[in-house]
Amino acid sequence: MRKRRIMISLVLSAGMLMCSGCEKKADTVEGYTEKSTAAESGETAADKSSEDNGKSEEKSAPGETERWYERIEGTGDGFEYIDAAVSLKDYSAQEMNVITVEYEKFDADFAKKMCDTVFDNGEVEVYDYSNKSKKLYDDVIEDYSEALELYDMYDEKGIDQAFQYAPDEFMANGYWSLSENIERMDRSVIEEDYNALLSERESAPEKIENDYSYGGYLGKIDGEEFYMIFGNRNYNEYLNSIDTLQYNGRVVTIMRRDLESAFAGHSIAEIMEKEGADPSELDLVLEDASFKMNSLIGSSPMLQNIGGDTADDEKMLEQAEEFLGRLGYNDYSFCEDEIGELIWSNKIDDGFMYANGYKMVSYMQQMNDGKRYRFDISSSGMERLEHYDLQMPVYSEDGDTLDYDSFVDVYVNANGVLGCQIYNPASVVKSEPVKSIIDRDTVKDIVRESVDDKELWNIPYGRKVNLFNLDSAKLVSFPIRSDKEKGEYTLVPCYVIYSRLMDEYEVNSGYIIPAKSDVDSPFIVINALDGSVVTVEDQLTDYPAGWDNGNVGYTNYVAGQWKRNERNPRLGKVGPIGSTEE
């Protein structure tokens, strides 16, 4: 692991800026809390800068934004140059807090605590896809039964397009590219898998003795059966989840086992009748309204996004907050700007086809029914560093880094709370107010001085960088790790100066994921309390391990690396459109 120097001296036009960032390191929680800090004394680099030259307050004021254009030339020991074209804002520290949190360790103790907290009387049974009980086999077998029903429906209705194409490549925008097939897939391919699962079920245990070391559990919440899955979602598990963009890594998914009955909308047949649609004009004719709801949802583009009955928004939010309290996450605050539509889709989709090597596609569309409410640990007055801004694993040697973002998504519709996802669960240890932070002029001086010291920058691992552009800046809560308490971090206001990433390129009306070298730029993190510089490798590569794979690949849905997106050997190599190359 590369070692990075944390202190930096700043030479201003009015003389040497003797800021607190030059007097101490800010690489641990203790380094922050044991010495003078903004939260305790209010003395910061901005204050000292103002005392030294009397111009800082004159140059900029909180709330103002300046477009900073500059080519910063190096002397030869660092970068050749840095081109800055950044909108720099001066922030007010009035509502900001420094928050110390402890990230939960995903172990048997955590599993037991969650089971005791979430489920009625703490009563659970193991529901682990790596250690299947007969009940879990029943759920998986039902998926393949529905795949057979879907095949039969396509076959009966003569929808040949379903058999003329097969999913070929997962793209960054969440869709699949399709390759044309000439040979029609035989039903026996699905039957083979279905019968194999039936055979495996015979030797599976009715129940598994629980020592809380497993990755999933089943229990009741207010009498309704829910499952709780820890860790990595392979995307070939619990397919009927309503959130089609599930996260991977340190995540807990709690969801109703029976989602079909939880859908508050109408059957496609009812919607067709209400809309006066002519069945002959639809891609898919559904005459039997008794067909399983899961397979009905959004069956035609003509009916896309037609939701059903919805409850009062205020009531649904209250239900979400009550559920959050039941989980024990009262420290999380409601994000008013993060309300999303609850997305439902057929669980037997193209990802399912691809993972199993079935040469057919599903034309099922998505529908909205209900709301997704987000709650997180955040401080007012700052911004959020999103996954599309920077992908932290790229900046460490092994790619295993803490994703310090922490939130809970609660899903609610007219039928009540359907479940939630707890992403990177944490608990608040303490929170302290911030009195003042450095201004944008000090930030610019720090960046200028850093051009000759690459160790102050986060550089994509294994890349040689001599020059680059900066186009974005955010003030965010960035974690400083404790060297005494495992899993404890202090979220400190920090300026992050970086270049925006591109999630995808458009090529011939399709999308591809760009190479890392095209999207990952060096960036710098500046402690807004004292002007010191912190780095990913110093702060984010030592964190409590997670179930399965910790935080490795928490962005791998975008990268298409889910197991469900891996090519099944049956599918072979799909050639160009119109080809049957294997």
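In the predicted model, Met 255 has Gly 419 of strand β16 as its bridge partner. This pair belongs to the contact between β16 and strand β11, which spans residues 251-256. The two strands pair in the antiparallel sense, with five bridges between them. On pairing in general, strands of a sheet associate through backbone hydrogen bonds, in either a parallel or an antiparallel arrangement.

Strand β16 also pairs with strand β15, formed by residues 407-413. These two strands likewise run antiparallel and are joined by seven bridges. Within this pairing, Val 410 has Cys 420 of β16 as its bridge partner. The connection from β15 to β16 is a hairpin of two residues. Strand β16 is thus described by antiparallel pairing with β11 and with β15.

The surroundings of β16 were examined through the burial of its residues. The strand covers residues 416-423, and eight of its eight residues are buried, so β16 is largely enclosed by the rest of the structure. Burial here denotes a relative accessible area under 20%. In a regular strand, side chains alternate between the two faces of the sheet. For the protein chain as a whole, buried residues account for 56% of the 582 residues.

A further sheet was identified elsewhere in the sequence. This open sheet comprises three strands in the order β3-β4-β18, and its pairing is mixed. Its edge strands are β3 (65-73) and β18 (467-470), each of which pairs on one side only. From one strand to the next, the twist averages 10°. Strand β4, composed of residues 81-89, pairs with β18 in the parallel sense over four bridges. Across this pairing, Ala 84 of the model stands opposite Leu 470 in β18. Helix α12, comprising residues 440-450, lies across β3, β4 and β18. The helix runs at about 15° to β3.

These elements form part of a protein chain whose secondary structure comprises 14 helices and 24 strands. Contacts were also considered by sequence separation. Of those between residues at least 6 apart in sequence, 78% join residues at least 24 apart. The accessible surface of the protein chain amounts to about 24,800 Å². Carbon and sulfur atoms contribute 42% of that surface.

Terms used
Residues numbered from 1 in each chain as written. Predicted model: local features only at pLDDT ≥ 70, side-chain atom pairs only at ≥ 80, totals over all residues. Heavy atoms only, no water. Buried < 20%, exposed > 50% of the residue type's maximum accessible area, 1.4 Å probe, protein only. Pairing = 2+ DSSP bridges. Axes fitted to C-alpha atoms, helices over the stretch in contact; angles between N-to-C directions. Contact = heavy atoms within 4.5 Å. Areas by Shrake-Rupley, 256 points an atom, 1.4 Å probe, with all protein chains shown as cover.
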